[in-house]
Every structure is written in structure tokens, then in C-alpha cells.
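Let's walk through this one together, starting with the place where two parts of the chain meet and ending with a couple of backbone oddities. Have the viewer open and follow along.

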Amino acid sequence: MYTPTPPMGWNSWNTFGPMPTDRLIRETADAIVALGYREAGYEYVIIDDGWMLRERDENGLFVADPEKFPYGIGALADYVHGKGLKLGIYSCAGTRTCARYPGSFDHEFSDAKQFAQWQVDYLKYDFCNFPKSAKGRQRYQTMSMALRACGRDIYFAACNWGLESPETWMRSVGANSYRSTPDILDNFPSAAEIAQSQLNLLHCSAAPCFNDMDMLTVGMFGKGHVGLNDPNNKALAACMEQDYVTQFALWSCMGSALIIGADVRSISDSMRRLLQNRELIAINQDAECRCPYLVYHEGAQFCFLKHMSDHTVTLVYANLSDEETEVDCIFADLGLPCTSGVRLRLRDVMTGEDEGVFSDHHPLEIPAHGCRVFRGSFVPA
Ligand code: GLA
């Protein structure tokens, strides 16, 4: 049984690509605790692709690369658990991982057992090199059965990049989260495209299986594996702080998994404060985890409302265009016609300031690449 809220953690891929090491994971676990990330809710430390040797051993088992992980995965899990955190690992439903290490196809049960013996807590399960004759849905079901039979609670983080409409079947195969998007790159258009691709899937991110909009790039500023050196990253400029604020606000309020991809040992103070923004995290981790209600979507602008368990609402306005804009939200579109006499008291979540009490409509400005988040409480008639 898991807390029925989106998973929070850190993953090695965005910054370190296929080069995770024991030292990196230990230092990251240390930093997650020392710099307040654990306290803010980040729990999983996830080793992505590149942790194993190119071939399995003579018994068909994975071998952790002894140069990268000289003490083995079990010892690393002990260390991470000693910090009050959980260890995640990576494998793939295909015959090889995306970086061409061995995949779990036809090894699902022995791999799950090996992860359980190592005391692993979370499995990211990717989709590269998947045989054409096989069925994705069925192989995710097979790994799910293997995890449930392995004798340990292992969080099943499926990752088939949103292919084959996973929102229609990932819940039924027992996944706890599923990647609903292709890979993120550290540039604003990439994050904006991912966010917009989720607008007609907003109703799908709900307990106990959450949309994973991919690891955050917040705080990377162009450095790292999916940064400006990635040949796929055609952006000329790294993200600005505003771009990251928008990304984190959207991932939080849209109910995505919150998995940091930057190097937590060296994230700037302002980006650390953003990643630890208690109010945004509380919206993401709200006890009811309601998926948002889309109010409007016009071009690069959209607005959604999320009902909160304390009978307030979260109101999110995004403007992903390059120009500042003014909008006037008509409350009838929120289900609050002026004839009700009910007004909304709005507080700006990012600044903590009172925006005022509004009836009928709410005019506001949204900066370029901007997102404004308000917590609204009802003022009865
Ligand atoms: C795929 C996944 C990424 C990462 C890499 C590893 O591209 O979508 O998140 O895990 O594989 O090779």
C-alpha cells in the first residue's frame, strides 16, 4: 500500500545520463536530507539507465557495474534507507534498455525477485527495444504480477511515453504511475508541449495511478544530459527562472509525479525554494488528489480549477506564449454564476499575497511563459 498521492523524488537521468554511480547516489541522498528536500516530501532516490553491465551473468541475473557500484545495489539500498529515503531502480520491458543494457523482457519474475532481494522500493519500467510481436499492455501486466509476487512492496512506475493510450489500461495492470509523455528536454518549448499534451488527459491523473509528466528540469539551466549539449535539444537558450516556476507550478497542480532531474547537490537557492514550495507541494499532495477541471484552453493559454479536500479551490492560469497577456476569467465558467451571490476570496500562492474578493469575474495579467496560481475560498452570499 502506498500513500495515494503522486510520488516525489529524484532521478539520475536528466543530469547524469547513463552514468549513475554509487557515490553520486549516496551524495544525492545526503543532499536530499541536508538541504531540506526530504522534509519537503521528496522520498525516492532513483537510479536510471546505465547501472548494470552490458550482459547478464551465467544464471541470467543482472550484474550491477562493479566500477560504478563497487559495493552492490543492496549496500546502497541500506545506505539510502538509513537516510529515511527509498531506493528506485530502472529496467525496461524490451530486450534492451534505451541505452542498450539488458532489458527485462522474459526475465520479469527473476528480475523482480532480484530487486526485492536488494531491498529496492521503486521500479521505473521503460519501453525501448520492445519486440514488435509482443503486446505492451500484456508485458506491463507481467511485470506487475512479478512485482506483486516478489514479496516486497515495489512501486511500479511504468514508462511507455504515453504510447498505446496508457491512460486506458495502466491502472488496470496495477501501475502506480505512468509516463504520459515523451522525454523532456531542458528548454521551455519542451515543457510547454508536455503540459499542453496533458490537457485532455487531466481527468486521468488520480489515485492510485498518476500521470508522470517526466522528470523536472527545474534548476538545470542547460547543464546535464538533457540540457543544451543533448543533440536532441535544439533550443538556443537555457530556461530562465520564470520558465522553471511555470514548469513546477504546472507539474504540481496537474497532479504529476514530482521527480527532480537536476543535481540536488548544487541547485541554486532560489530553485531549491521553488522545488520546496510548501503550497505547491500541498496542492500536488492534497488528500483527495482530484484531477483538475479544464476551464478554457485557447492556443497557448489555459486555465483549470482543482477542487481541494478542504473545500477550497486552486485556480491555475497559464500563458505559455512569448507575450504577456491579460485575461478576464468569467466565474460562470467555473460553475459560479453571479446570480449565486457567492464570491471567491483569492490568495496568490506564489507571492502569498491576498488578491482580493471577486464576484462574477477575475481580471489579471499573466507574464510571458507565466503561470499564476490562486487558492480560492468561498465567501457565502
Ligand atoms: C527513455 C526514458 C528516459 C530515460 C532513458 C534511459 O528515454 O524515457 O526517461 O529513462 O530512456 O535510457
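Start at the seam: across the interface of domain 1 and domain 2, the rule finds one salt bridge. Keep in mind that you're looking at a predicted model. The bridge pairs Arg347 with Glu279, and their closest N and O atoms sit 2.9 Å apart. Beyond the charged pair, there are seven residue pairs in polar contact between domain 1 and domain 2, both residues being at pLDDT 80 or more.

Which helices of domain 1 each supply at least two residues to the side that touches domain 2? They are H7 (188-197), H8 (241-253) and H10 (278-284). H8 gives the largest share of that side, with seven residues. By residue class, the side of domain 1 that touches domain 2 splits into twelve nonpolar, four polar and two charged.

Now zoom out. The domain assignment puts domain 1 at 8-284 and domain 2 at 293-380, and their C-alpha centres are 32 Å apart. Where they touch, 18 residues of domain 1 and 22 residues of domain 2 take part. Together the two domains bury about 1,700 Å² between them, with carbon and sulfur atoms giving 69% of that area. On the domain 1 side, Leu199, Glu279 and Ile283 supply 31% of the area buried against domain 2, more than any other three residues. Glu279 shows up here again, as it's also the salt-bridge partner of Arg347.

Next, the ligand. There are 13 residues around it, and the nearest are Asp48, Asp49, Lys124, Asp126 and Asp183. Two of these aspartates have side-chain polar atoms worth checking against ligand oxygens: for Asp48 the distance is 2.7 Å, and for Asp183 it is 2.5 Å. Trp161 joins in too, with a polar side-chain atom 3.0 Å from an oxygen atom of the ligand.

Finally, the backbone. Most residues other than glycine have a negative phi, and most peptide bonds are trans. Against that background, have a look at two spots. The peptide bond from Ala207 to Pro208 is cis, with omega near 0°, and Pro208 sits in the loop between H7 and strand E7 (210-212). H7 is also one of the helices supplying residues to the side of domain 1 that touches domain 2. The other spot is Gln119, which has a positive phi of about 65° although it isn't a glycine. You'll find Gln119 in the loop that runs between helix H5 (108-117) and strand E4 (122-126).

Definitions and conventions: Residues are numbered from 1 along each chain as its sequence is written. This is a predicted model: local features need pLDDT of at least 70, side-chain atom pairs count only at pLDDT 80 or more; totals for chains, interfaces and linings use all residues. Side-chain values use heavy atoms; hydrogens and water are left out. Domain bounds come from an automatic or database domain assignment. Contact means heavy atoms within 4.5 Å. Buried area is the accessible area (1.4 Å probe) that two parts lose on being put together, summed over both. A salt bridge is a side-chain nitrogen of Lys or Arg within 4 Å of a carboxyl oxygen of Asp or Glu. A polar contact is a pair of N or O atoms within 3.5 Å; within protein, one must be able to donate a hydrogen and the other to accept it, and residues adjacent in sequence count only if both atoms are side-chain atoms. Helices (H or I, at least four residues) and strands (E, at least two) are DSSP runs, numbered from the N terminus. Ala, Val, Leu, Ile, Met, Phe, Trp, Tyr, Cys and Pro count as nonpolar, Asp, Glu, Lys and Arg as charged, and the others, Gly among them, as polar. A residue is near a molecule or strand if one of its heavy atoms lies within 4 Å of it.
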